[in-house]
Amino acid sequence: MGALQNKIDFSMMITAKNANPNGDPLNGNRPRENYDGLGEISDVCIKRKIRNRLQDMGERIFVQSDDRCDDGFDSLRARADGNEAIKAVSNGKNTDRDEYARTACAEWIDVRSFGQVFAFKGDNVSVGVRGPVSIQQAVSVSPVDIVSMQITKSVNSESGKEGKASDTMGMKHRVEFGLYIVNGSINCQLAEKTGFSDEDAEKIKQALLTLFENDSSSARPDGSMEVCRLYWWKHEGKTPRYSSAKVHRQLEVSLKSGVSRPTSFGDYDIVLNELEGLECEKYEDLI
């Protein structure tokens with residue numbers, strides 16, 4: 001399985017309706033927004049969902065969330081120490097870092113995709129892997145309206161309290177509607193180092209297309225988050241004619257005339273400009 005031979009750029013459009021796409025723990029778990037009122041979803045959140053989808057597809061994942069652990073290991077260190085291939089190349093201070101990195105990339109798709117730092121307390125050697133798949137944080141096209149409501153439980157958490165205690169109260173926050181755009185790229189030079197292949201790129205694409213399958217929660221009920229479109233540019237070679245920034249700018253999204261407060265994907269005009277010599281795979285019939 002050879003390394004990726006063509007640089008890839010992609011843009012994905014996501015809608016959130018009465019959902020919390022990504023809560024901010026520093027702001028009471030309210031949906032993230034910037035100072036201009038535009039909604040945000042962190043790149044870490046998006047990568048977590050991609051990892052989950054790859055795991056659902058039967059791929060081996062190093063950075064597993066605790067509630068989706070499928071190998072019995074309760075930490076990253078335990079997973080690394082429990083891997084026979086990693087054990088075979090680990091030799092204390094004399095560990096060959098390059099061989100360690102190659103082995104880790106071969107074992108776990110998320111390591112060869114996003115990279116990973118293997119640095120654990122007490123170890124004499126740390127190993128860093130730079131991954132070829134880079135993803136920007138998602139930003140909404142228009143400012144988002146955030147609605148907050150107070151909720152209560154029907155029972156106290158602790159016994160011995162009369163009436164409703166303060167711990168029965170809580171808050172829930174949601175975005176009424178938001179259209180978010182996620183941009184990303186896959187770098188061939190880094191793919192050569194990690195062994196990331198064309199087959200891996202296809203798996204990343206499929207994970208993006210089905211990003212919110214098996215992702216429902218109280219904050220994101222089934223159907224409230226949706227991948228509406230995916231644009232996938234495959235360059236002619238490893239060194240592209242156009243920068244990723246220029247490619248991503250070819251997608252222009254704006255509110256339709258007369259719409260001041262968007263409530264659906266159909267409230268936007270979407271224009272994809274073409275660049276000479278660069279074809280785009282369009283996945284537009286997802287909604």
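Analyst: Happy to walk through this one: a contact is a pair of heavy atoms within 4.5 Å, while helices (H or I, at least four residues) and strands (E, at least two) are DSSP runs numbered from the N terminus. The model is predicted, so local features need pLDDT of at least 70 and side-chain atom pairs count only at pLDDT 80 or more, whereas totals for chains, interfaces and linings use all residues. Residues are numbered from 1 along each chain as its sequence is written, and side-chain values use heavy atoms, with hydrogens and water left out.

User: Which elements help cover the buried residues of H4?

Analyst: Helix H4 spans residues 97-107, and its buried residues are Tyr-100, Ala-101, Thr-103, Ala-104, Cys-105 and Glu-107. Buried means under 20% relative accessible area, exposed over 50% and partly exposed in between (1.4 Å probe, protein chains only). Their cover includes strands S5 (115-118) and S6 (127-130), plus helices H2 (76-81), H3 (84-89), H5 (109-114) and H6 (188-194).

User: How many residues of H1 are buried?

Analyst: Helix H1 covers residues 43-56 and has 14 residues. Among its buried residues are Cys-45, Ile-46, Ile-50 and Leu-54, and also the charged-type names Lys-47 and Arg-51. H1 is mostly covered, and the buried count out of 14 is 10.

User: What relative accessible area does Pro-31 have?

Analyst: Pro-31 sits in strand S3 (residues 30-31). Leaving aside residues up to four places away in sequence, Pro-31 touches Asn-20, Pro-21, Asn-22, Gly-23, Ile-146, His-173, Arg-174 and Val-175. Pro-31 is buried, and its relative accessible area is 3%.

Notes
The expected span of a helix is 1.5 Å times one less than its number of residues.
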